[in-house]
Amino acid sequence: MLKTGSELMKQEIIDSQIKFKVSDVMKKKGFSKNKLCVKAGLRFETVQGYYKGNISRIDLYVLSQLCRVLECKIEDLIEYIPEKESVN
C-alpha cells in the first residue's frame, strides 16, 4: 500500500529530528528559566518552549539571545539527528 504525503512526512519526522539542548546548557551554566527570561528579555512561554523542545519554528532572534546570555554557540543549543539508514 502506498503512503500519502502526510504519512511520508510523519515518517521523516520520526526518522530524523532536531534535539533541543537548551535545558542542558542552562543547568550547566546555573540558569533558571526565570533568570534566563530576565537576562535575555524573552517571555517565559518562549523560554519554556525551547527548554522543553516544544517549538515548531526556530526564531533567530530568540536563538541569538539564548547564545548571547548563555555564552554558547548555536550547536550547543540544538542538534540535528539524521535518520537511520533503513535496511530493505
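**Exercise 1. Find which residues touch the most other members of the largest nonpolar core, and which helices supply it**.

Solution. Start with the term: a nonpolar core is a set of buried Ala, Val, Leu, Ile, Met, Phe, Trp, Tyr and Cys residues joined through side-chain atoms within 4.5 Å. Buried means under 20% relative accessible area, exposed over 50%, partly exposed in between (1.4 Å probe, protein chains only). The largest core has 20 residues, and Leu 36, Leu 66, Leu 70 and Leu 77 touch the most other members. Next, the helices: H2 (22-29), H3 (33-40), H4 (44-52) and H5 (60-70) each give at least two residues. H5 contributes the most, with 6. Helices (H or I, at least four residues) and strands (E, at least two) are DSSP runs, numbered from the N terminus.

This is a predicted model: local features need pLDDT of at least 70, side-chain atom pairs count only at pLDDT 80 or more, and totals for chains, interfaces and linings use all residues. Residues are numbered from 1 along each chain as its sequence is written, and side-chain values use heavy atoms, leaving out hydrogens and water.

**Exercise 2. List what Leu 70 contacts, leaving aside neighbours within four places in sequence**.

Solution. Contact means heavy atoms within 4.5 Å. Leu 70 then meets Val 25, Met 26, Lys 29, Phe 31, Leu 36 and Leu 77.

**Exercise 3. Describe the aromatic pair in the structure**.

Solution. Rings of Phe, Tyr and Trp (its six-membered ring) pair if their centres lie within 6.5 Å; planes under 30 degrees apart count as stacked, over 60 as edge-to-face and the rest as tilted. The whole structure holds 1 such pair. The ring centres of Phe 20 and Tyr 50 are 5.9 Å apart and the planes stand at 85°, so the pair is edge-to-face. Phe 20 is in strand S1 (residues 17-20) and Tyr 50 in helix H4, so the pair ties together parts 30 residues apart in sequence. Both Phe 20 and Tyr 50 are buried.

**Exercise 4. Name the buried residues of H4 and what covers them**.

Solution. Val 47, Gln 48, Gly 49 and Tyr 50 are buried in H4. Their cover includes S1, H2, H3 and H5. After H4 comes Gly 53, with a positive phi near 75°.

**Exercise 5. Locate the lowest and highest confidence**.

Solution. pLDDT is the predictor's confidence in each residue, from 0 to 100. The protein averages 85, and 77% of the residues score at least 70. Confidence is lowest in helix H1 (residues 5-15), at a mean of 48, and highest in H5, at 98.
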